[in-house]
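Trainee: Could we go through this one together? I keep running into labels, and I'd like to know what earns them.

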Amino acid sequence: MKPKLIASDVDGTLLNSAGELTERTAAALREAEKQGIKTMLATGRMCCSGLVFARRLGMTAPCVFYNGSIIMNPVTEEIYFKQELDVSLVSRVLAYYRKKGWYIQKYVNDTLCVVDSSDERTQYYAAITNVNAVSLGEKFWTEPSASTKLLVCAKETEDCASMFEETKRIFGSELYIAGSWKRIFELVHPNVNKARAVAQAAEILGIPREETVCFGDSGNDNEMLRWAGLGVAMGNAKEETKRAADAVADTNDRDGLAKFVESLLA
């Protein structure tokens, strides 16, 4: 039986390692839409960064951004759901990171805010997402604000896993924390993850869980893959993500998502 909804992560899943949406992947998802299957994004990316691909693919179903912190109509930009981190928690996390000398960035009104946009870690993230950062200098630390999510990026010489574990030990009861892309992990509201957001989007569309297929490759996709009627990990996915899935596709550099969608449509 063909699914009624296909949800895809972006980086490492929809896009290849060069950050490109291949013609084959785009064609497969457009063909799914032609056959009456809704397609949507479920990404950790900002709205402005993810909407580029949703619109290129002609998606009309609600899309998930910021790991589920925002669910948005990609055509009208109507927001169906939004859950930010409150000012007090953001301030405490930032104070801890400043004391440790670790890099962190925040997101205010779909704007990427950093201390210094010339920082190597900001440049690394910006190259992946094609987003310009706003430098706040000292105000980054001292001016309190709510944030849609927080993102940590480690230098190549830093132990990202240790940073992740320490952050989880200190703030794990107050945040949902998950890895997303190599040297990066993300912090959002504890009631937020991609599974809950895709479930809400499916409910808006009137589509039962059993008729959904979800694709992903990283730790922030695990819950979504477990929730889906059919959870598909990419061949390039982390082992924990493959274990969370029902099936494994080819890699993102070998059009794995496209091949799997084509098999669903055959």
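Trainee: Let's start small: which residue is the bridge partner of Gln105 in E9?

Mentor: In E9 the partner of Gln105 is Leu151. Before we go on, this is a predicted model, where local features need pLDDT of at least 70 and side-chain atom pairs count only at pLDDT 80 or more, while totals for chains, interfaces and linings use all residues. Residues are numbered from 1 along each chain as its sequence is written, and side-chain values use heavy atoms, leaving out hydrogens and water.

Trainee: What makes E6 and E9 a pair of strands?

Mentor: Strands here are DSSP runs of E with at least two residues, helices are runs of H or I with at least four, and both are numbered from the N terminus. Two strands pair if DSSP finds at least two bridges between them. E6 (residues 105–108) and E9 (residues 150–153) have two bridges, in the antiparallel sense, so they meet that rule.

Trainee: How many bridges does E6 have with E7?

Mentor: Three, again antiparallel, with E7 covering residues 111–114. One of the partnerships is Lys106 with Cys113. Two residues sit between these strands in the hairpin, and Asn109 has a positive phi near 55 degrees there.

Trainee: And why do E8 and E10 stand at the edges of the sheet?

Mentor: The six-stranded open sheet runs E8-E7-E6-E9-E11-E10, with mixed pairing. E8 (134–135) and E10 (176–181) each have a single partner strand, so one side of each has no neighbour in the sheet. E7 and E8 run parallel and are joined by two bridges; Cys113 stands opposite Val134 in E8.

Trainee: Which helix packs on that sheet?

Mentor: H4 (residues 87–100), which touches E6, E9 and E11 (184–188). Touching, or contact, means heavy atoms within 4.5 Å. The direction of H4 makes about 15 degrees with that of E9, with axes fitted to C-alpha atoms (for helices over the stretch in contact) and angles taken from 0 to 180 degrees between N-to-C directions.

Trainee: Why does Phe260 count as buried?

Mentor: Buried means under 20% relative accessible area, exposed means over 50%, and partly exposed is in between (1.4 Å probe, protein chains only). Phe260 has 16%, so it counts as buried. Phe215 has 0%, so it is buried too.

Trainee: Then why is Glu77 partly exposed?

Mentor: Its relative accessible area is 41%, so Glu77 falls in the in-between class. Glu77 lies in the loop between E4 (70–72) and E5 (79–82), and has a positive phi of about 65 degrees although it is not a glycine. Most residues other than glycine have a negative phi.

Trainee: What makes the pair of Phe215 and Phe260 edge-to-face?

Mentor: Rings of Phe, Tyr and Trp (its six-membered ring) pair if their centres lie within 6.5 Å; planes under 30 degrees apart are stacked, over 60 edge-to-face, and the rest tilted. These two have centres 5.7 Å apart and planes at 80 degrees, so the pair is edge-to-face. Phe215 is in E12 (residues 212–216) and Phe260 in H11, so the pair ties together parts 45 residues apart in sequence.

Trainee: How many aromatic pairs are there by this rule?

Mentor: Eight. Among them is the edge-to-face pair of Tyr96 and Phe171, at 5.7 Å centre to centre and 85 degrees between the planes. Tyr96 is in H4 and Phe171 in H7 (residues 160–171), 75 residues apart. Both are buried, and they form one aromatic cluster with Tyr97 and Trp102.

Trainee: Where does the charged end of Lys149 sit?

Mentor: Over the ring of Tyr107, 5.1 Å from its centre. The rule asks for NZ of Lys or CZ of Arg within 6 Å of the ring centre and within 35 degrees of the ring normal. Lys106 likewise lies over the face of Phe140, at 5.0 Å from the ring centre.

Trainee: Last one: which residues touch the most other members of the largest nonpolar core?

Mentor: Ile6, Leu14, Met40, Leu41, Val198, Phe215 and Val261, out of 65 residues. The largest share, six residues, comes from H11 (residues 256–265). A nonpolar core is a set of buried Ala, Val, Leu, Ile, Met, Phe, Trp, Tyr and Cys residues joined through side-chain atoms within 4.5 Å.
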